[in-house]
Amino acid sequence: MLGLRPAEADAAGTADGPLTARDAARAVETELGRVLDEALRRARDTDPVFARDIAGRVVSLVLLGGKRLRAAFAWCGWRAAGGSGDLTALLRTGAALELLQACALIHDDVMDGSPLRRGAPAVHVELSRLHGAARMAGSSAAFGTSAAVLAGDLALAWADDLLTETALGSPYGPQLHREWRAVREEMVAGQYRDLHAQATGASGVDEALTVATLKSALYTVERPLALGAALAGADAPVRDALCAAGRCAGLAFQLRDDLIGAFGDPALTGKPADDDLRTRKLTYLLSVGSRLAETSGDREASDALAPGAPRASDEDVRRMRAALERTGARAAVDAKITELAVTSLEHFDRTGADPVVRREFTALVERACGVAPQRTGEAA
(Lines give C-alpha, C1' and ligand atoms only; values in the text may rest on other atoms or scores of the structure.)
Protein backbone atom coordinates (compact mmCIF):
# COMPACT_ATOMS: atom_id res chain seq x y z
CA MET A 1 0.00 0.00 0.00
CA LEU A 2 1.28 3.47 -0.83
CA GLY A 3 2.13 6.01 1.85
CA LEU A 4 1.00 9.61 1.98
CA ARG A 5 1.35 11.57 -1.22
CA PRO A 6 3.13 14.95 -0.86
CA ALA A 7 -0.08 17.01 -0.78
CA GLU A 8 -1.50 14.76 1.92
CA ALA A 9 1.67 14.91 3.96
CA ASP A 10 1.51 18.70 3.86
CA ALA A 11 -2.05 18.64 5.19
CA ALA A 12 -1.59 15.90 7.78
CA GLY A 13 2.03 16.04 8.89
CA THR A 14 4.24 12.99 8.58
CA ALA A 15 2.56 9.62 8.76
CA ASP A 16 4.40 8.70 11.96
CA GLY A 17 4.43 12.17 13.56
CA PRO A 18 1.82 13.96 15.66
CA LEU A 19 -1.54 14.04 13.94
CA THR A 20 -4.81 15.45 15.25
CA ALA A 21 -8.36 14.68 14.26
CA ARG A 22 -8.53 18.07 12.55
CA ASP A 23 -5.33 17.28 10.64
CA ALA A 24 -6.88 14.02 9.50
CA ALA A 25 -10.04 15.83 8.37
CA ARG A 26 -7.94 18.28 6.36
CA ALA A 27 -6.05 15.40 4.76
CA VAL A 28 -9.38 13.81 3.82
CA GLU A 29 -10.27 17.09 2.07
CA THR A 30 -7.17 16.65 -0.08
CA GLU A 31 -8.10 13.06 -0.84
CA LEU A 32 -11.68 14.05 -1.63
CA GLY A 33 -10.46 16.58 -4.15
CA ARG A 34 -8.46 13.95 -5.96
CA VAL A 35 -11.27 11.38 -5.84
CA LEU A 36 -13.87 13.86 -7.10
CA ASP A 37 -11.64 15.11 -9.91
CA GLU A 38 -11.31 11.55 -11.12
CA ALA A 39 -15.05 10.85 -10.70
CA LEU A 40 -16.01 13.98 -12.65
CA ARG A 41 -13.62 13.04 -15.43
CA ARG A 42 -15.26 9.62 -15.71
CA ALA A 43 -18.70 11.24 -15.72
CA ARG A 44 -17.70 13.52 -18.60
CA ASP A 45 -16.47 10.50 -20.53
CA THR A 46 -19.85 8.85 -19.93
CA ASP A 47 -22.04 11.81 -20.92
CA PRO A 48 -21.40 15.57 -20.79
CA VAL A 49 -24.99 16.55 -19.88
CA PHE A 50 -25.11 14.05 -17.01
CA ALA A 51 -21.69 15.26 -15.86
CA ARG A 52 -22.73 18.92 -15.89
CA ASP A 53 -26.17 18.60 -14.31
CA ILE A 54 -25.82 15.67 -11.89
CA ALA A 55 -22.20 14.73 -11.23
CA GLY A 56 -21.12 18.37 -11.06
CA ARG A 57 -23.75 19.13 -8.43
CA VAL A 58 -22.70 16.19 -6.29
CA VAL A 59 -19.11 17.42 -6.44
CA SER A 60 -20.18 20.95 -5.53
CA LEU A 61 -22.19 19.79 -2.52
CA VAL A 62 -19.36 17.62 -1.19
CA LEU A 63 -16.81 20.40 -1.57
CA LEU A 64 -19.14 23.10 -0.24
CA GLY A 65 -18.20 22.32 3.32
CA GLY A 66 -19.49 20.36 6.25
CA LYS A 67 -17.82 19.54 9.54
CA ARG A 68 -16.07 16.37 8.26
CA LEU A 69 -16.95 14.83 11.62
CA ARG A 70 -17.18 11.31 10.26
CA ALA A 71 -13.66 11.42 8.86
CA ALA A 72 -12.35 12.79 12.16
CA PHE A 73 -14.13 10.10 14.19
CA ALA A 74 -12.72 7.42 11.88
CA TRP A 75 -9.23 8.73 12.72
CA CYS A 76 -10.04 8.52 16.45
CA GLY A 77 -11.16 4.90 16.06
CA TRP A 78 -8.02 4.05 14.09
CA ARG A 79 -5.70 5.60 16.67
CA ALA A 80 -7.59 4.13 19.64
CA ALA A 81 -7.14 0.68 18.10
CA GLY A 82 -3.40 1.23 17.70
CA GLY A 83 -3.32 2.52 14.14
CA SER A 84 -0.12 4.23 13.03
CA GLY A 85 2.03 4.77 9.96
CA ASP A 86 0.45 4.72 6.51
CA LEU A 87 -2.74 6.82 6.37
CA THR A 88 -3.85 6.09 2.81
CA ALA A 89 -6.61 3.58 3.63
CA LEU A 90 -7.87 5.76 6.46
CA LEU A 91 -8.07 8.85 4.27
CA ARG A 92 -9.90 7.01 1.52
CA THR A 93 -12.35 5.56 4.06
CA GLY A 94 -12.94 9.07 5.37
CA ALA A 95 -13.59 10.28 1.83
CA ALA A 96 -16.07 7.44 1.29
CA LEU A 97 -17.92 8.49 4.45
CA GLU A 98 -18.19 12.06 3.15
CA LEU A 99 -19.69 10.76 -0.12
CA LEU A 100 -22.14 8.62 1.84
CA GLN A 101 -23.08 11.73 3.78
CA ALA A 102 -23.74 13.58 0.51
CA CYS A 103 -26.14 10.82 -0.55
CA ALA A 104 -27.96 11.06 2.78
CA LEU A 105 -28.24 14.85 2.63
CA ILE A 106 -29.54 14.94 -0.95
CA HIS A 107 -32.18 12.29 -0.32
CA ASP A 108 -33.12 13.71 3.09
CA ASP A 109 -33.70 17.17 1.61
CA VAL A 110 -35.95 15.65 -1.06
CA MET A 111 -38.02 13.75 1.50
CA ASP A 112 -38.26 16.70 3.88
CA GLY A 113 -38.78 19.30 1.16
CA SER A 114 -35.92 21.37 2.64
CA PRO A 115 -34.94 24.34 0.45
CA LEU A 116 -31.42 24.95 1.82
CA ARG A 117 -28.31 22.93 2.49
CA ARG A 118 -24.99 24.31 3.69
CA GLY A 119 -26.17 27.84 3.02
CA ALA A 120 -27.05 27.17 -0.63
CA PRO A 121 -30.14 25.87 -2.46
CA ALA A 122 -30.65 22.15 -1.92
CA VAL A 123 -29.84 19.95 -4.91
CA HIS A 124 -33.48 19.26 -5.79
CA VAL A 125 -34.18 23.01 -5.70
CA GLU A 126 -31.25 23.75 -8.01
CA LEU A 127 -32.38 21.08 -10.47
CA SER A 128 -35.95 22.36 -10.38
CA ARG A 129 -34.67 25.84 -11.23
CA LEU A 130 -32.58 24.36 -14.04
CA HIS A 131 -35.73 22.83 -15.50
CA GLY A 132 -37.61 26.12 -15.29
CA ALA A 133 -34.79 28.22 -16.73
CA ALA A 134 -34.40 25.88 -19.69
CA ARG A 135 -38.20 25.85 -20.23
CA MET A 136 -38.32 22.08 -20.30
CA ALA A 137 -41.61 20.23 -20.55
CA GLY A 138 -43.47 18.98 -17.50
CA SER A 139 -43.31 19.86 -13.84
CA SER A 140 -40.15 21.59 -12.61
CA ALA A 141 -40.72 20.24 -9.08
CA ALA A 142 -41.10 16.65 -10.28
CA PHE A 143 -38.01 16.97 -12.47
CA GLY A 144 -35.97 18.39 -9.58
CA THR A 145 -37.07 15.62 -7.23
CA SER A 146 -36.36 12.82 -9.70
CA ALA A 147 -33.00 14.20 -10.76
CA ALA A 148 -31.94 14.75 -7.14
CA VAL A 149 -32.71 11.11 -6.33
CA LEU A 150 -30.29 10.18 -9.12
CA ALA A 151 -27.69 12.60 -7.72
CA GLY A 152 -27.93 10.92 -4.33
CA ASP A 153 -27.64 7.50 -5.96
CA LEU A 154 -24.50 8.65 -7.74
CA ALA A 155 -22.91 9.85 -4.50
CA LEU A 156 -23.64 6.44 -2.95
CA ALA A 157 -22.15 4.64 -5.97
CA TRP A 158 -18.97 6.71 -5.69
CA ALA A 159 -18.78 5.99 -1.96
CA ASP A 160 -19.21 2.25 -2.53
CA ASP A 161 -16.56 2.19 -5.26
CA LEU A 162 -14.06 3.99 -3.05
CA LEU A 163 -14.67 1.84 0.01
CA THR A 164 -14.51 -1.37 -2.05
CA GLU A 165 -11.18 -0.39 -3.59
CA THR A 166 -9.87 0.42 -0.11
CA ALA A 167 -11.10 -2.87 1.38
CA LEU A 168 -9.54 -4.88 -1.45
CA GLY A 169 -6.16 -3.30 -0.70
CA SER A 170 -6.33 -3.79 3.08
CA PRO A 171 -5.41 -6.88 5.11
CA TYR A 172 -8.49 -6.07 7.18
CA GLY A 173 -10.79 -5.74 4.15
CA PRO A 174 -13.51 -8.20 5.27
CA GLN A 175 -13.94 -6.45 8.63
CA LEU A 176 -13.97 -3.03 6.94
CA HIS A 177 -16.63 -4.21 4.50
CA ARG A 178 -18.82 -5.63 7.28
CA GLU A 179 -18.86 -2.24 8.99
CA TRP A 180 -19.64 -0.49 5.70
CA ARG A 181 -22.48 -2.88 4.92
CA ALA A 182 -23.96 -2.17 8.35
CA VAL A 183 -23.76 1.62 8.08
CA ARG A 184 -25.54 1.69 4.71
CA GLU A 185 -28.39 -0.51 5.88
CA GLU A 186 -28.79 1.39 9.17
CA MET A 187 -28.90 4.70 7.32
CA VAL A 188 -31.75 3.53 5.08
CA ALA A 189 -33.59 1.95 8.02
CA GLY A 190 -33.35 5.20 9.96
CA GLN A 191 -34.66 7.25 7.06
CA TYR A 192 -37.59 4.88 6.65
CA ARG A 193 -38.40 4.94 10.36
CA ASP A 194 -38.42 8.73 10.13
CA LEU A 195 -40.93 8.60 7.26
CA HIS A 196 -42.96 5.93 9.05
CA ALA A 197 -43.15 8.01 12.23
CA GLN A 198 -44.39 10.99 10.24
CA ALA A 199 -47.05 8.93 8.47
CA THR A 200 -48.32 7.27 11.65
CA GLY A 201 -48.23 10.39 13.81
CA ALA A 202 -45.90 8.71 16.31
CA SER A 203 -45.01 10.81 19.35
CA GLY A 204 -43.35 8.46 21.86
CA VAL A 205 -39.92 9.10 23.35
CA ASP A 206 -38.73 5.55 22.60
CA GLU A 207 -39.74 5.89 18.96
CA ALA A 208 -37.94 9.22 18.72
CA LEU A 209 -34.76 7.70 20.17
CA THR A 210 -34.94 4.77 17.75
CA VAL A 211 -35.18 7.13 14.78
CA ALA A 212 -32.37 9.34 16.09
CA THR A 213 -30.10 6.36 16.69
CA LEU A 214 -30.65 4.68 13.33
CA LYS A 215 -30.83 7.81 11.23
CA SER A 216 -27.93 9.74 12.70
CA ALA A 217 -26.09 8.37 15.74
CA LEU A 218 -24.84 5.20 14.10
CA TYR A 219 -23.58 6.59 10.82
CA THR A 220 -22.31 9.87 12.27
CA VAL A 221 -20.11 8.50 15.07
CA GLU A 222 -20.41 4.80 15.92
CA ARG A 223 -19.72 3.33 12.48
CA PRO A 224 -16.97 5.83 11.58
CA LEU A 225 -15.18 4.88 14.81
CA ALA A 226 -15.66 1.20 13.96
CA LEU A 227 -14.46 1.68 10.37
CA GLY A 228 -11.29 3.35 11.59
CA ALA A 229 -10.75 0.63 14.17
CA ALA A 230 -11.27 -2.06 11.53
CA LEU A 231 -8.36 -0.61 9.54
CA ALA A 232 -6.15 -1.16 12.60
CA GLY A 233 -7.34 -4.73 13.17
CA ALA A 234 -9.12 -3.87 16.45
CA ASP A 235 -9.96 -6.72 18.81
CA ALA A 236 -13.50 -7.24 20.14
CA PRO A 237 -13.14 -5.38 23.48
CA VAL A 238 -11.74 -2.26 21.79
CA ARG A 239 -14.37 -2.37 19.08
CA ASP A 240 -17.17 -2.79 21.63
CA ALA A 241 -15.92 0.15 23.69
CA LEU A 242 -15.69 2.33 20.58
CA CYS A 243 -19.20 1.38 19.46
CA ALA A 244 -20.64 2.21 22.89
CA ALA A 245 -18.78 5.54 22.91
CA GLY A 246 -19.93 6.28 19.38
CA ARG A 247 -23.58 5.49 20.02
CA CYS A 248 -23.69 7.87 22.99
CA ALA A 249 -21.81 10.67 21.20
CA GLY A 250 -23.83 10.16 18.03
CA LEU A 251 -27.12 10.41 19.88
CA ALA A 252 -25.91 13.54 21.67
CA PHE A 253 -25.01 14.98 18.26
CA GLN A 254 -28.50 14.31 16.92
CA LEU A 255 -30.20 15.78 19.98
CA ARG A 256 -28.10 18.92 19.57
CA ASP A 257 -29.15 19.01 15.92
CA ASP A 258 -32.79 18.80 17.04
CA LEU A 259 -32.28 21.84 19.26
CA ILE A 260 -30.57 23.73 16.44
CA GLY A 261 -33.41 22.73 14.13
CA ALA A 262 -35.91 24.33 16.52
CA PHE A 263 -33.98 27.31 17.86
CA GLY A 264 -30.95 27.81 15.57
CA ASP A 265 -30.02 30.77 13.39
CA PRO A 266 -30.17 29.89 9.66
CA ALA A 267 -27.42 32.43 8.97
CA LEU A 268 -25.10 30.29 11.11
CA THR A 269 -26.40 26.80 10.34
CA GLY A 270 -26.95 27.16 6.59
CA LYS A 271 -30.37 25.50 6.79
CA PRO A 272 -33.88 26.50 7.89
CA ALA A 273 -34.43 26.75 11.64
CA ASP A 274 -38.07 25.70 11.81
CA ASP A 275 -38.61 22.88 9.31
CA ASP A 276 -38.95 20.20 12.02
CA LEU A 277 -41.45 22.34 13.92
CA ARG A 278 -43.49 23.28 10.85
CA THR A 279 -43.89 19.63 9.85
CA ARG A 280 -44.11 18.44 13.48
CA LYS A 281 -41.42 15.88 12.72
CA LEU A 282 -40.90 13.33 15.49
CA THR A 283 -37.77 14.37 17.39
CA TYR A 284 -36.67 13.61 20.93
CA LEU A 285 -37.16 17.30 21.71
CA LEU A 286 -40.78 17.32 20.57
CA SER A 287 -41.59 13.98 22.20
CA VAL A 288 -40.13 15.12 25.55
CA GLY A 289 -42.06 18.38 25.24
CA SER A 290 -45.32 16.53 24.64
CA ARG A 291 -44.72 14.20 27.57
CA LEU A 292 -43.85 17.02 29.97
CA ALA A 293 -46.87 19.05 28.83
CA GLU A 294 -49.17 16.09 29.47
CA THR A 295 -47.60 15.32 32.85
CA SER A 296 -47.91 18.92 34.03
CA GLY A 297 -51.41 19.36 32.66
CA ASP A 298 -50.32 22.18 30.35
CA ARG A 299 -53.14 21.90 27.82
CA GLU A 300 -51.93 24.83 25.74
CA ALA A 301 -48.48 23.25 25.32
CA SER A 302 -50.02 19.84 24.57
CA ASP A 303 -52.14 21.34 21.79
CA ALA A 304 -49.20 23.29 20.38
CA LEU A 305 -46.94 20.22 20.24
CA ALA A 306 -49.55 17.64 19.21
CA PRO A 307 -48.49 15.33 16.34
CA GLY A 308 -50.60 14.98 13.23
CA ALA A 309 -51.78 18.59 13.13
CA PRO A 310 -51.62 20.56 9.85
CA ARG A 311 -48.38 22.20 8.78
CA ALA A 312 -47.57 24.87 11.34
CA SER A 313 -47.88 28.56 10.57
CA ASP A 314 -45.43 31.21 11.81
CA GLU A 315 -47.64 31.77 14.84
CA ASP A 316 -47.85 28.02 15.47
CA VAL A 317 -44.05 27.78 15.38
CA ARG A 318 -43.81 30.62 17.90
CA ARG A 319 -46.22 28.81 20.19
CA MET A 320 -44.30 25.54 19.83
CA ARG A 321 -41.01 27.20 20.76
CA ALA A 322 -42.63 28.83 23.76
CA ALA A 323 -44.11 25.47 24.82
CA LEU A 324 -40.72 23.74 24.54
CA GLU A 325 -39.20 26.39 26.77
CA ARG A 326 -42.08 26.54 29.28
CA THR A 327 -42.37 22.78 29.78
CA GLY A 328 -38.63 22.47 30.37
CA ALA A 329 -38.15 20.29 27.29
CA ARG A 330 -35.31 22.41 25.93
CA ALA A 331 -33.45 22.26 29.25
CA ALA A 332 -34.11 18.52 29.59
CA VAL A 333 -32.63 17.81 26.15
CA ASP A 334 -29.61 19.96 26.97
CA ALA A 335 -29.08 17.91 30.14
CA LYS A 336 -29.47 14.66 28.20
CA ILE A 337 -26.82 15.79 25.71
CA THR A 338 -24.34 16.45 28.50
CA GLU A 339 -25.09 13.08 30.13
CA LEU A 340 -24.57 11.23 26.84
CA ALA A 341 -21.35 13.10 26.07
CA VAL A 342 -19.84 12.25 29.47
CA THR A 343 -20.85 8.59 29.12
CA SER A 344 -19.27 8.54 25.66
CA LEU A 345 -15.91 9.65 27.08
CA GLU A 346 -16.06 6.96 29.75
CA HIS A 347 -16.68 4.25 27.15
CA PHE A 348 -13.85 5.60 24.97
CA ASP A 349 -11.43 5.42 27.90
CA ARG A 350 -12.03 1.65 28.06
CA THR A 351 -10.16 1.28 24.77
CA GLY A 352 -6.89 2.02 26.53
CA ALA A 353 -6.12 4.77 23.99
CA ASP A 354 -3.20 6.99 24.92
CA PRO A 355 -3.93 10.37 26.55
CA VAL A 356 -3.34 12.34 23.35
CA VAL A 357 -6.02 10.35 21.51
CA ARG A 358 -8.41 10.63 24.46
CA ARG A 359 -7.99 14.41 24.44
CA GLU A 360 -8.63 14.50 20.70
CA PHE A 361 -11.80 12.45 21.11
CA THR A 362 -12.98 14.72 23.93
CA ALA A 363 -12.45 17.82 21.77
CA LEU A 364 -14.28 16.18 18.88
CA VAL A 365 -17.26 15.24 21.06
CA GLU A 366 -17.39 18.80 22.32
CA ARG A 367 -17.37 20.09 18.76
CA ALA A 368 -20.09 17.67 17.66
CA CYS A 369 -22.38 18.05 20.67
CA GLY A 370 -21.91 21.68 21.64
CA VAL A 371 -20.97 20.90 25.25
CA ALA A 372 -17.66 20.59 27.09
CA PRO A 373 -18.04 17.19 28.76
CA GLN A 374 -15.95 16.29 31.79
CA ARG A 375 -15.25 12.75 32.89
CA THR A 376 -16.65 11.73 36.25
CA GLY A 377 -14.30 12.91 38.98
CA GLU A 378 -12.72 15.70 36.93
CA ALA A 379 -12.63 19.15 38.48
CA ALA A 380 -15.19 21.63 37.18
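What is the handedness of the crossing of helix 5 and helix 9? The crossing is right-handed, a label given when the near helix is turned clockwise from the far one by less than a right angle, whereas an anticlockwise turn would make it left-handed.

Before selecting anything, bear in mind that this is a predicted model, in which local features need pLDDT of at least 70 and side-chain atom pairs count only at pLDDT 80 or more, while totals for chains, interfaces and linings use all residues. Residues are numbered from 1 along each chain as its sequence is written, and side-chain values use heavy atoms, with hydrogens and water left out.

**First stop: helices 5 and 9**

Select residues 88–112 for helix 5 and residues 205–231 for helix 9, whose axes come within 10 Å and cross at roughly 165 degrees. Helices here are DSSP runs of H or I with at least four residues, numbered from the N terminus, and axes are lines fitted to C-alpha atoms over the stretch in contact, with angles from 0 to 180 degrees between N-to-C directions. Helix 5 and helix 9 are therefore roughly antiparallel to each other, since angles over 145 degrees count as roughly antiparallel, under 35 as roughly parallel, 65 to 115 as roughly perpendicular and the rest as oblique. Now show the side of helix 5 that takes part in the contact (heavy atoms within 4.5 Å), which includes A89, L90, T93 and L97, and add the partners from helix 9, among them K215, Y219 and P224. The residues of this contact divide into 9 nonpolar, 3 polar and 3 charged, where Ala, Val, Leu, Ile, Met, Phe, Trp, Tyr, Cys and Pro count as nonpolar, Asp, Glu, Lys and Arg as charged, and the others, Gly among them, as polar.

**Second stop: helices 2 and 4**

Move to helix 2 (residues 21–46) and helix 4 (residues 69–80), whose axes come within 8 Å and cross at roughly 125 degrees. Helix 2 and helix 4 are therefore oblique to each other, and helix 2 passes helix 4 in a right-handed crossing. To display the contact, select A21, A24 and V28 of helix 2 together with A71, A72, W75 and C76 of helix 4; these residues divide into 7 nonpolar, no polar and no charged.

**Third stop: the aromatic cluster**

Stay on helix 4 and pick F73, which lies in that helix, and then F361 in helix 17 (residues 355–369), so that the selection spans a pair tying together parts 288 residues apart in sequence. A search of the whole structure finds 2 aromatic pairs, a pair being rings of Phe, Tyr or Trp (its six-membered ring) with centres within 6.5 Å, and with planes under 30 degrees apart counted as stacked, over 60 as edge-to-face and the rest as tilted. The rings of F73 and F361 have their centres 6.0 Å apart and their planes at 65 degrees, so this pair is edge-to-face. The rings of F348 and F361, in turn, have their centres 4.0 Å apart and their planes at 5 degrees, so that pair is stacked. Ring pairs thus link F73, F348 and F361 into a cluster. F73 has 0% relative accessibility and counts as buried, a class defined as under 20% relative accessible area, with exposed over 50% and partly exposed in between (1.4 Å probe, protein chains only). F361 is buried at 0%, and F348 is buried at 0%.

**Last stop: helices 16 and 17**

F348 lies in helix 16 (residues 329–349), and helix 16 packs with helix 17 at an angle of about 160 degrees, with their axes 10 Å apart. Helix 16 and helix 17 are therefore roughly antiparallel to each other, and their crossing is right-handed. Their contact includes F348 of helix 16 and F361 of helix 17, and its residues divide into 8 nonpolar, 2 polar and 2 charged.

Notes:
Helices (H or I, at least four residues) and strands (E, at least two) are DSSP runs, numbered from the N terminus.
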